[in-house]
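Trainee: Could you pick one part of this model and walk me through it closely? I'd also like to know how that part fits into the rest.

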Amino acid sequence: MDDSSALARLDRRVADCGACPRLVGWREEVARTKRAAFADWTYWGRPVPGFGPADARLVIIGLAPAAHGGNRTGRMFTGDRSGDVLYQALYDVGLASQPTSVAIDDGLSLYGVRVTAPVHCAPPANKPTPGERDTCRPWLVQELTLLRPTLRAAVVLGAFGWQAALPAFAEAGWAVPRPRPAFAHGTRVALDGLDLFGCFHVSQRNTFTGRLTAEMLREVLRTAADAAGLP
């Protein structure tokens, strides 16, 4: 089995996961009740797998799908304002085929980049519990393990993602410094054969207040793409 088919198989297994009762109940309730603006949508209402090629050189790790974003569309950062900011930035630096991400069949392709999260189900109030984070970690470990042959850089969005990603990288075989480095926007940590970058999350709270500007995000993505050897 090649890496592409192995990753596709992992994605299917992720989408069938029901390990966290609170998250299962929430994602399914949201899919039933919907938001008025999306009343005509058939919500995905399942765990959302990662998105991007199996030979990615750069991975972007977020937090969890949005209730009316990825939980609706079935694709990471698709159909919500956080995704609008992220995919516009990826397009601006030449890593995405288009600046918008509205539906799973909208034609978007990523160039050398995979987008994923440490928690694959939409959580209430966008806040997974530590236990839910830890329960979901094996999926991220398996994904990173499959990506390892080509992966050269990672951008982690936000402190929660950072705290979840570091042990996942360690379990996937990278040597993570001890004590574990603290999260900060723009921080760069050298693992063996991989550069790890911290970036404020593309949440509305951060982007609306200017804590994270479009140029700040583009700068991190450009630096990470260069570290990954992407054009």
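Mentor: Here's a close look at one helix pair, followed by the wider chain and a few backbone oddities.

Ground rules: this is a predicted model, where local features need pLDDT of at least 70 and side-chain atom pairs count only at pLDDT 80 or more, while totals for chains, interfaces and linings use all residues. Numbering starts from 1 along each chain as its sequence is written, and side-chain values use heavy atoms, with hydrogens and water left out.

The pair is H1 (residues 3-15) and H5 (residues 130-147), whose axes sit 10 Å apart at an angle of about 170°. Axes here are lines fitted to C-alpha atoms, for helices over the stretch in contact, with angles running from 0 to 180 degrees between N-to-C directions. H1 is therefore roughly antiparallel to H5, the label for angles over 145 degrees. Helices are DSSP runs of H or I with at least four residues, strands are E runs of at least two, and both are numbered from the N terminus.

Who touches whom? On the H1 side you have Asp-3, Ala-6, Leu-7, Leu-10, Arg-13 and Val-14, and they meet Trp-139, Gln-142, Glu-143, Leu-146 and Leu-147 of H5; contact means heavy atoms within 4.5 Å. By class that's seven nonpolar, one polar and three charged residues. Ala, Val, Leu, Ile, Met, Phe, Trp, Tyr, Cys and Pro count as nonpolar, Asp, Glu, Lys and Arg as charged, and the others, Gly among them, as polar.

Zooming out, the protein chain has eight helices and five strands. With a radius of gyration of 16 Å, close to the 17 Å from the globule rule for 231 residues, the chain is as compact as a globular protein of that length. That radius is taken over C-alpha atoms, and the rule is 2.2 Å times the number of residues to the power 0.38.

H5 also leads back to an odd spot: Asn-126 lies in the loop between strand S2 (113-116) and H5, and has a positive phi of about 60° although it is not a glycine. Phe-77, between helix H3 (70-73) and helix H4 (81-92), likewise isn't a glycine but has a positive phi of about 55°. Phe-77 is buried at 8% relative accessible area, whereas Asn-126 is partly exposed at 49%; buried means under 20%, exposed over 50%, partly exposed in between (1.4 Å probe, protein chains only).

One last backbone detail: the peptide bond joining Arg-178 and Pro-179 is cis, with omega about -5°.

Notes
Angles under 35 degrees count as roughly parallel, over 145 as roughly antiparallel, 65 to 115 as roughly perpendicular and the rest as oblique.
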